[in-house]
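Got the viewer open and a selection box ready? Let's take a walk through this one, stop by stop.

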Amino acid sequence: MATVETTIAGASRRQSLLANEWVRFAVRRLGILVLSMWLLVTFAFGMIHLIPGDPVRAALGFNADPALVAARRAELGLDQGLLTQYWTYLGQLLHGDLGTSLQSRLPVSQVISDRLPNTLALAGITFVVTLLIAVPLGVGMAILTQHGRRRGTELGYTSGAMVLSAIPEFLLAVVLVYLFAVKFQLLPIAGRAGFSSFILPVAAMTLGSAAAISRIVRVEMLSVLGQDFVRTAAAKRLRPHRIYLRHALPNAMTATLTLSGLLLSSLVAATVLVENIFAWPGLGPTMVSSILSKDFPMVRAIVLVYGGLVLLINLVVDIVLAIVDPRSAIRKA
Amino acid sequence: MSAANDHVDASVDSTAKDAAPSSGKPVSGRRSRLAMLFATPVGIAAITADLLVILLAVFGPIIWGTRAETNDFDNLDSGPISGHPFGTDKLGRDILARVLVAARLSIGLALSATLIGIVVGVLIGTMANLAGRRLSRVFSTFIGIAVAFPGLLLALFFAVIFGAGPTGAVLALGAAMAPGFARLTQTLSASVVGRDFVSAAKVLGVSRLRVLTRHVVPNIAEPLIVNATLAAGSCLLAFAGLSFLGLGVQLPSYDWGRMLAEGLNAIYTNPMAALGPALAIVLSGLAFNLTGELGAQLAGRRTTRGRRRQRGAADGSDDQRAPGAGGLPAAADTPSSDAVLVVRNLRVSVRTDGGTIEPVRGVDLTVRAGEAVGIVGESGSGKSLTALSIAGLTHEPLEVTADELWFDELDLRSAIGRRGRAQLGTSLSLVFQDPMSSLNPTMRVGDQLAEVATEHQHLSWKNARERAVSRLRDVRIAAPGRRARQLPHEWSGGMRQRAMIGMGLMGEPKLLIADEPTTALDVTVQQQVLELLESTKQQSGAALLLISHDLSVVSSVCDRVVVMYAGRIVEELPTADLEHARHPYTKALLRAVPSMDTPREEPLATIAGRPPDPASLPVGCPFAPRCPRADDRCRVEPALLPVAGRRALGLAACHHPHLDPVSESGVSIVDISKVGAPGIGETR
C-alpha cells in the first residue's frame, strides 16, 4: 500500500509528462500481457512433464503394448530433448497447430473451433444479462436506501442477495432443472436448441453473480452519493436523475467495471460446470472428458484457450478503465 | 474451482478496504471485534452453524456409518419413503445417512485446501514485503498475474498432473486460493510495515523476522481470519463442483459433490437424491460465508461508527431544551424589504437512540442585498449546518425546522417546484470547504459550470460552454478555453475554488454562501480567494454569507459578524464595532487571533476548556463553564438582546456583557485594523 501511494505521489509530481503517460501505460500493460502469455504457454507445455512417472504409461495403462507406448511417445514428441520439444511446440503454436486429439483423432483446433463459439455465446449472454440486472438494481437500491432510509428494504435486499450469491451456479442449475424441466416441464433439460435452451443455463449463472455485483454497485454508489461533489450538484439544483446518472454513476463505474472483468473471467470458468449439467455443446464437457482420458494435446489446448480468454478480458478491462477513469491512467503509469 | 478464486478475490477487496482504516488501532482493540460476533443474534447463529457442521464432520461417519453402507434391496432407487426420508440410491443405500456421512470428506478436504491456500499465500505475501524493493516488485507483478487467472486453470493443471482425484483437487484449490491470500497479506502487511511503531522497531534494530512475528502478523490476523472463513465457504462449494465433474473424490469414496452428480442422473425418479446433497452443500457453505461476511461487516462498521460518533460530537448538540430556548426574540434589525435571506428560529435536530439532539437551536439571521455577513464559531458551533440547512442541502437523519425561511421571496420551508428550483439554481450559489472534492472528478470543469445554464436557462451546450469559459476568465483562470476542457485533477486547489465561485456566477447570483472557503488552501492562495470573493460580490451585487472559524478572515471581508456557540447566536455586531464586542466569548475569540502586536515570547492566547459536550449541555449559558465572568445567574439561559455599546447597536446573549470598551479584566483589546492571520497581513 505504502509503495503504491508513493508512486501515485511521484506520478502526479511528474504530471508535465501527461502526453507520455498513455505511452507508458501501453508499454507497461503490453509487458504484463507478454509475460503472462509466456507463463501460460510455458505452463501448458510443462504440464505433461510434471506428471509423476511416465505420462504415456499412465494414460494407456501399465500393461499396454510397448510398441503402442513407443508410438504414442513419438506422437507426443516425448522421445526428443526437452528444449527441442519446447521449440517445436512454440513453432507449432505460432502456426495454429494444436496437435491431434488422442481421444477422437480429430485436429484439436477443429474441436475447439466447433465448441468454443457455444461456450462464448453462453458466457456472453450471461454477462450482458447479469450487468443489465445488477447495475440498475444496485443503483436503484442505493438511491432508495441512501441516508439510512428504508431500513427494512435494505435488510431484505442485502440478506436475499447474500444468500443468492453464496449459492454456486451448479447448485442453482440443479434446482432450476428440477423445478422447470422436471417438475413443471416448461423448459428443455439439456442441449442447445434455440432460445429456450439458453434460459436455464443463463439463469443459473446470472442469479448469483447479479446478486453479488448489485450489492457492490450499491455500496459503491452509496459511497459516491456521500461525496462532496454530489452535494455540489445538488446545490446547482440539477434534476435528481441528472445527479444520479451523470454525476454519481460514472464515478461508481470504476469498481463496477473492474468487477465486471472479474465476473467475465469467472464466467468462463463457471461455464464448465453449467455446460456439464446441461450437456451444452461447449468446451466444458470436452475439458472434463479429455482430462479423464488423459488426452494431453486437448487439455493443453483448452488450458491455452481458457487462459488466453482471461488474459484478453483483463486487457480489455484495463484499457476501458484507463479511458473511463482519467485518474487510473496516471495511477498506472 | 472458479468459485473459489473469484470469491476470494471479491472478499479480499472488500475486506482490505474494510480493514484498512481500522488497522491503525492496537492489536488488543481488534481482537474484541471478532468477539463482537458473539454479541449479535445472527453472529451466534452463524457460529453455531459452523460448530454443527464441524461436529457433523467429526461424528457423522461414527453415528451413521453402518446405516450408509446397508443395502435395502427391497427399495432400490426409491423416492422418499418411511425409513428413507431422502430415498435410496441404486444399491438401496439410505441417501440421508450418506449425506450425513459425506460431511467429513467434503468439509475435511475443503478445509485442507483452504489451509494450504492460506499458508502458501501468507508466505508469498510476506516474502514479497520483506524482500528488497526490486525483488518485491517482481513478487507483486507475479502475484498480480496469478490473481488474474481463474482457479479453473490451476484445477486443470493439477488434475492432469495428479490425475483426477482428491489429491489433485485439494492442491488445485489450495493453489487457486494462494494468490488471493498473497495479495491480501501483501497489502495489509505493507500498511502495517509503513506504520510508526514498525519504523520505531526497525530503528531499535529489531530483526526482520521478529518484526514479522511480533508486529506484522498480529495486526493482519483479523482480516486474514475473516477471509479464511469466507474462503473455506467458497472452497467447500468449489470442491463439490470438482467432485461433481468427476475430478475430485472418486468412487467408492463419496462426498456431496459426487452424490450430487449421481443424484442428477436419477433426478426423474428421486429428486431428493440430488437436492439432498445440494442442500447440504448450500447450508454448510452458507454457514461459513455468513460468519465471514459478518466478521467483515463488523470490522467495517466499527470504524464507520467511530467516525460518526466523532462527527456527532463535533457538530455540537444537546438533548434537552434549556429554559428559554424557544423564546429568542427577533433580532433588533427588522427585516427590511431588501432582505435577500430571512431566517427565523432555524432549528436542526437529529433523532438518535439516546433522544433528540439539536445541533442548531434557534438561529435568526437576515442578509440584505449586497451585504456581506460572516458567521464565526469554533468547530461544532453549528455554523456550517446552519448554512447547509439554509441552502436545503441537509438530508436525513437531520431534520430542519424554521418559523420563517425566505430566500428572495421564495419560501424554502415548502416544497420547491420547477421554477423555484431554477430560481435557486441561478441565484443562490455555494462554495464549499474542500475544493479537492467539491468538483466531479469524471466531468470536465467547463461542463460542470455550463450545466447550470443548460439546466436552468435553456442554453444550448455550445452557448453554455462559452459562458462557462467567460466566467472562468472572470475568476482569473488563465487560458480558460483550454482549462475548461480539463478534468478537475489537472487543476490546483486554489483554481478549483475559483471554478466553484465561477460556477456561482453562471446565473444571476443574489446570495453567495461560502462555507470555510479558504480553510483547505495554502495561506497565500487563501488571500487570493478572499479577494476574489470580495470583488465578485462587488461586481455581481450578490450578498455574501461567509462561514469561518477564523475571525480575521471574516473581519477582512464582511460588514457584519455573527458569532455562534453551541448551536446559537451569542453575538451579532458590525465588523467595525468588533473591538467593542460585548460577549465574553467574542472577546476570547478576538484575543486568540494573533496580531502584529502580539508579544512573541508569550504563548498564543487560547480559550481554556472545550466546547460543551453535545450529550450533556449545561443548564443555562453553554459558555458559562469557560467564562471568567460567569456567576449563578448564568445558570439561566441568556437571551440574545440588544446591548448598547459605544458606537453601533449590537446584540449579545449574555448576562454580564462587556459594556466598556476597555475590558475590566485588564486585557488589552486587539486593534481590529491590525488583526490578521500571520501571512495574510504581509501579502497585502
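Keep in mind throughout that this is a predicted model.

**Stop 1: the largest cavity**

Start with the empty space inside. The lining of the largest cavity breaks down by class into 7 nonpolar, 4 polar and 1 charged residues. To see them, select A:Thr232, A:Ala235 and A:Lys236 from chain A, then add B:Gly425, B:Leu428, B:Ser429, B:Leu430, B:Phe432, B:Val452, B:Met500, B:Met503 and B:Gly504 from chain B. Color by element next: helix H10 (228–235) of chain A gives two or more residues to this lining, and so do strand E7 (428–431) and helix H18 (493–504) of chain B. The volume is about 110 Å³, and the structure holds 11 cavities of 30 Å³ or more.

**Stop 2: helix H13 of chain B**

B:Gly425 from that lining is also a residue of the next selection, helix H13 of chain B, residues 418–427. Which of its residues are buried? They are B:Gly420, B:Arg421, B:Leu424, B:Gly425, B:Thr426 and B:Ser427. To see what lies over these buried residues, show strands E5 (404–407), E6 (410–411), E7 and E8 (511–515) of chain B along with helix H15 (445–456), which are among the elements that cover them.

**Stop 3: the loop after H15**

Follow H15 of chain B into the loop that runs between H15 and helix H16 (461–474), and pick B:His458 there. Its phi is positive, about 55°, although B:His458 is not a glycine. Is the residue buried or exposed? B:His458 has a relative accessible area of 69%, so it counts as exposed.

**Stop 4: a similar phi in chain A**

Now jump to the loop between helix H5 (82–94) and helix H6 (108–145) of chain A and select A:Arg105. Here too phi is positive in a residue other than glycine, near 60°. A:Arg105 is partly exposed, because its relative accessible area is 45% and that class covers the range between 20% and 50%.

**Stop 5: the second largest pocket**

Time for an open space. The second largest pocket holds about 600 Å³. It is lined by 20 residues, and the ones closest to its centre are A:Phe43, B:Ala146, B:Phe149, B:Leu154 and B:Pro179. Chain A contributes helix H2 (18–46), while chain B brings helices H4 (95–130), H5 (133–148), H6 (151–162) and H7 (166–193), each giving two or more residues to the lining. Which element gives the most? That would be H5(B), with 5 residues. Switch the coloring to residue class and the lining comes out as 20 nonpolar, no polar and no charged residues.

**Stop 6: B:Phe181**

Stay on helix H7 of chain B and pick B:Phe181. With a relative accessible area of 1%, B:Phe181 is buried. Show its contacts beyond four places in sequence and you get B:Gly117, B:Ile118, B:Gly121, B:Leu224, B:Asn227, B:Ala228 and B:Ala231. For a sense of scale, draw a C-alpha to C-alpha line from B:Phe181 to B:Asn440: the two are 259 residues apart along the chain and separated by 34 Å.

**Stop 7: a cis peptide bond**

Go to the loop between helix H9 (208–245) and helix H10 (256–265) of chain B, where B:Pro252 lies. The peptide bond leading into it from B:Leu251 is cis, with omega near 5°.

**Stop 8: two buried side trips**

In helix H19 of chain B, residues 523–540, find B:Gln527. It counts as buried, at 4% relative accessibility. Between the C-alpha atoms of B:Gln527 and B:Leu385 there are 25 Å, with their places 142 residues apart in sequence.

Back in chain A, select A:Thr256 in helix H11, residues 240–277. A:Thr256 is buried as well, at 3% relative accessibility. A polar atom of its side chain lies 2.8 Å from the backbone oxygen of A:Ala252. Leaving out residues up to four places away in sequence, A:Thr256 touches A:Val135 and A:Val217.

**Last stop: zoom out on chain B**

Select the whole of chain B, with its 22 helices and 13 strands. Of its 684 residues, 56% count as buried. Take contacts between residues at least 6 apart in sequence, and 68% of them join residues at least 24 apart. Turn on the surface to finish: chain B has about 29000 Å² of accessible surface, 58% of it belonging to carbon and sulfur atoms.

Notes: Residues are numbered from 1 along each chain as its sequence is written. Chains are lettered from A and ligands numbered from 1 in the order in which they are written. This is a predicted model: local features need pLDDT of at least 70, side-chain atom pairs count only at pLDDT 80 or more; totals for chains, interfaces and linings use all residues. Side-chain values use heavy atoms; hydrogens and water are left out. On a 1 Å grid over the protein atoms alone, a cavity is a set of points where a 1.4 Å probe fits but cannot get out, and a pocket is an open set with protein on both sides within 12 Å along at least five of seven lines; lining residues have an atom within 4 Å of a point. Grid points are joined across faces, edges and corners, and a volume is the space filled by probe spheres set on the points. Helices (H or I, at least four residues) and strands (E, at least two) are DSSP runs, numbered from the N terminus. Ala, Val, Leu, Ile, Met, Phe, Trp, Tyr, Cys and Pro count as nonpolar, Asp, Glu, Lys and Arg as charged, and the others, Gly among them, as polar. Buried means under 20% relative accessible area, exposed over 50%, partly exposed in between (1.4 Å probe, protein chains only). Contact means heavy atoms within 4.5 Å. Accessible areas come from the Shrake-Rupley method with a 1.4 Å probe; for residues, only the protein chains shown count as cover. A polar contact is a pair of N or O atoms within 3.5 Å; within protein, one must be able to donate a hydrogen and the other to accept it, and residues adjacent in sequence count only if both atoms are side-chain atoms.
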